[in-house]
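Student: I have a model open and would like to practise reasoning from definitions. Could we go through a few terms together?

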Amino acid sequence: IYVDKEADLSKVLKIVVDSKVDYPAACNAAETVLFHRGCTEGGDSSVVAKSLAALRSEGVKVNGGPKAAKELGLPPAPKPKHEYGDLEVTVEIVESQQEAIDFIHGNGSGHTECIITESQSAADDFLKRVDSACVHHNASTRFSDGFRYGLGAEVGISTSRIHARGPVGVDGLLTTRWLMRGSGNIVNKDQDIEYTHTSLPF
């Protein structure tokens, strides 16, 4: 998750917590939260401070990347690219959206990424340039799921760009990429969500 300097605090708290806590062992659970430097301003009332408090209140252990460990007094994360699969997360501070995208491309899984921002131009840039299978704007990473996308039961997940082997038809030559735009939406164990999947004629 990348939290932009123009993020809405209430959305940040909901999305960051849901993305980590809803099902921490899932492949779509957040493992790293990148905060723009602007989110550190304001001491105990900063976006970063409130986010760390919200995560900790849910039992999440918070580790820091090199900058965050030093500046926020966090225990150092095992490495920049680390999947916990548990109630544990890495937090890091970035100076710009470009630095966030570079970090994601260098250390992400290629599975699901999210930007939290009220800036449409920042969101459009992030959704266009982040090279992951699923890229969300203001929506929990936990939405990245075959059922939630309306595909029926999920039988697997692929982060590669070329996925088919052996004899294939046209369908085997195609890949998909998911872009989601939200307004602070969270999964919260699918409570208060009504999916409107419809069968398509083939």
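Student: Why are α4 and α5 called roughly parallel to each other?

Tutor: Happy to help, and keep in mind that this is a predicted model. The axes of α4 (residues 97-107) and α5 (residues 120-129) cross at roughly 25°. Angles under 35 degrees count as roughly parallel, and therefore α4 and α5 are roughly parallel to each other. Their axes come within 11 Å, and α4 passes α5 in a right-handed crossing.

Student: Which residues make the contact between α4 and α5?

Tutor: From α4 come Gln97, Gln98, Ile101, Ile104 and His105, and from α5 come Ala122, Asp125, Phe126 and Arg129. By class, that contact has four nonpolar, three polar and two charged residues.

Student: What makes β3 and β7 edge strands?

Tutor: Look at the order of the open sheet, β3-β4-β2-β1-β5-β6-β7, in which seven strands pair in parallel. β3 (61-64) and β7 (178-185) each pair on one side only, and that makes them the edge strands.

Student: How do you know that β5 and β6 pair?

Tutor: Pairing needs at least two bridges. Four bridges join β5 (residues 112-116) to β6 (residues 134-139), and these strands run parallel. So the cut-off of at least two bridges is met. You can also find Cys114 opposite His136 in β6.

Student: And where does α4 pack on the sheet?

Tutor: α4 touches β1 (2-3), β2 (32-36), β4 (88-94) and β5. The direction of α4 makes about 165° with that of β2; angles over 145 count as roughly antiparallel, so α4 and β2 are roughly antiparallel.

Technical notes:
Residues numbered from 1 in each chain as written. Predicted model: local features only at pLDDT ≥ 70, side-chain atom pairs only at ≥ 80, totals over all residues. Heavy atoms only, no water. Axes fitted to C-alpha atoms, helices over the stretch in contact; angles between N-to-C directions. Parallel < 35°, antiparallel > 145°, perpendicular 65-115°, else oblique. Left-handed = near helix turned anticlockwise from the far one by under 90°. Contact = heavy atoms within 4.5 Å. Nonpolar A, V, L, I, M, F, W, Y, C, P; charged D, E, K, R; others polar.
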